[in-house]
Amino acid sequence: MTQNGTKGQITKTTTYYGLLGLHPSASPIDIRRAYWQLSKRYHPDTTELPATVATAKFQQINEAYATLSNPERRLSYDAKIGYSRFGVIQAPTDLNHPVRTPYDFSRSIYLDANDRPLSAGEIFVLFVLGLTLVGCVLVAMAVAVIRGETSIQTQPTQAQITHISPQPTPKQIKIIKS
């Protein structure tokens, strides 16, 4: 079948893409898949078509695949049929104008750009940071209690009392008695 749906031989005016049933922008994987399916269908040993028709069709499919699977040959073939896979990017008409105007803070209700209310996400992050700080303090206190080391003492120990008011030496006692 030709592209217009009539039975008969494929003419030379059909492109290789049309022969494989692909668009010119098809990827190499799509080309390989289409070739594999068509070669199974039109191989002279596996088809029910007459041998001469199957052989001619199979040769055309092989020629199309050989051209389209080679990147260099595909580029020259695309140029020959007038197809470009590379899109032409046109420059915008207003190149001299900025794309976006800067924000005018004088029209804002806030005096400073940083002076604004906190968003819900920012409040949540601050809450999580506060919980983390409280949790760390509680863990440190729990570790200190478990170890038996209390850093906050309400009553001075005997060593601290003797350090504050040491026992008088015999020399000091003689001075006090006299």
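**Figure 1. Asn62 and its polar partner in the predicted model.** Asn62 counts as partly exposed, because its relative accessibility comes out at 26%. In this predicted model, Asn62 has its place in helix H3, and H3 covers residues 51-69. What joins the side chains of Asn62 and Tyr35? A polar contact of 2.5 Å does the job. Leu38 makes a handy second landmark here: Asn62 and Leu38 are 24 residues apart in sequence, while their C-alpha atoms are 9.7 Å apart in space.

**Figure 2. The salt bridge between Asp30 and Arg33.** Side chains of opposite charge can pair when their charged atoms come close. How many salt bridges does the structure hold? Just one, and here it is: Asp30 pairs with Arg33, with 3.6 Å between the closest N and O atoms. Both residues sit in helix H2, three residues apart, which is about one turn of the helix. Asp30 has a relative accessible area of 31%, so it is partly exposed. Arg33 is partly exposed too, because its relative accessible area is 46%. For a sense of the surroundings, look at Leu20: it is 10 residues from Asp30 along the chain, and the two C-alpha atoms are separated by 9.7 Å.

**Figure 3. Arg74, a buried charge with no salt bridge.** Arg74 has its place in helix H4, which runs over residues 71-81. This residue is buried, yet it has no salt bridge. Which side chain of opposite charge is nearest to Arg74? That would be Asp78, 4.1 Å away. A salt bridge needs the nitrogen and the carboxyl oxygen within 4 Å, so at 4.1 Å the Arg74 and Asp78 pair doesn't make the cut. The Arg74 side chain does have a backbone partner, though: it reaches the backbone oxygen of Ala26 at 2.6 Å.

**Figure 4. The two sides of helix H4.** Which residues of H4 are buried? They are Arg74, Tyr77 and Asp78. Looking down the axis of H4, these buried residues fall within an arc of 100°, so they line one face of the helix. What they pack against is a set of helices: H1 (16-20), H2 (28-42) and H3 (51-69). Over on the other side of H4, Glu72, Ala79 and Lys80 are exposed.

**Figure 5. Both ends of helix H4.** At the start of H4, Asn70 puts a side-chain oxygen to within 3.1 Å of the backbone nitrogen of Glu72. At the far end, just after H4, Gly82 takes a positive phi of about 85°.

**Figure 6. The span at residues 123-146, with the rest of the chain for context.** An unreviewed UniProt entry lists residues 123-146 as "transmembrane region". How much of that span is helix in the model? It is 100% helix and 0% strand, and the C-alpha atoms at its two ends lie 35 Å apart. Zooming out, the chain has seven helices and zero strands, so to speak an α-α-α-α-α-α-α run from the N terminus on. Buried residues make up 15% of the 178 residues. As for contacts in the chain with a separation of 6 or more, 46% are between residues 24 or more positions apart.

Conventions
Residues numbered from 1 in each chain as written. Predicted model: local features only at pLDDT ≥ 70, side-chain atom pairs only at ≥ 80, totals over all residues. Heavy atoms only, no water. Helix = DSSP H or I, 4+ residues; strand = E, 2+ residues; numbered from the N terminus. Buried < 20%, exposed > 50% of the residue type's maximum accessible area, 1.4 Å probe, protein only. Lys, Arg positive; Asp, Glu negative; His and termini not counted. Polar contact = N/O pair within 3.5 Å; in protein donor to acceptor, adjacent residues only side chain to side chain. UniProt positions renumbered as here; feature names shortened; annotations may be inferred. Arc of directions from axis to C-beta. Contact = heavy atoms within 4.5 Å.
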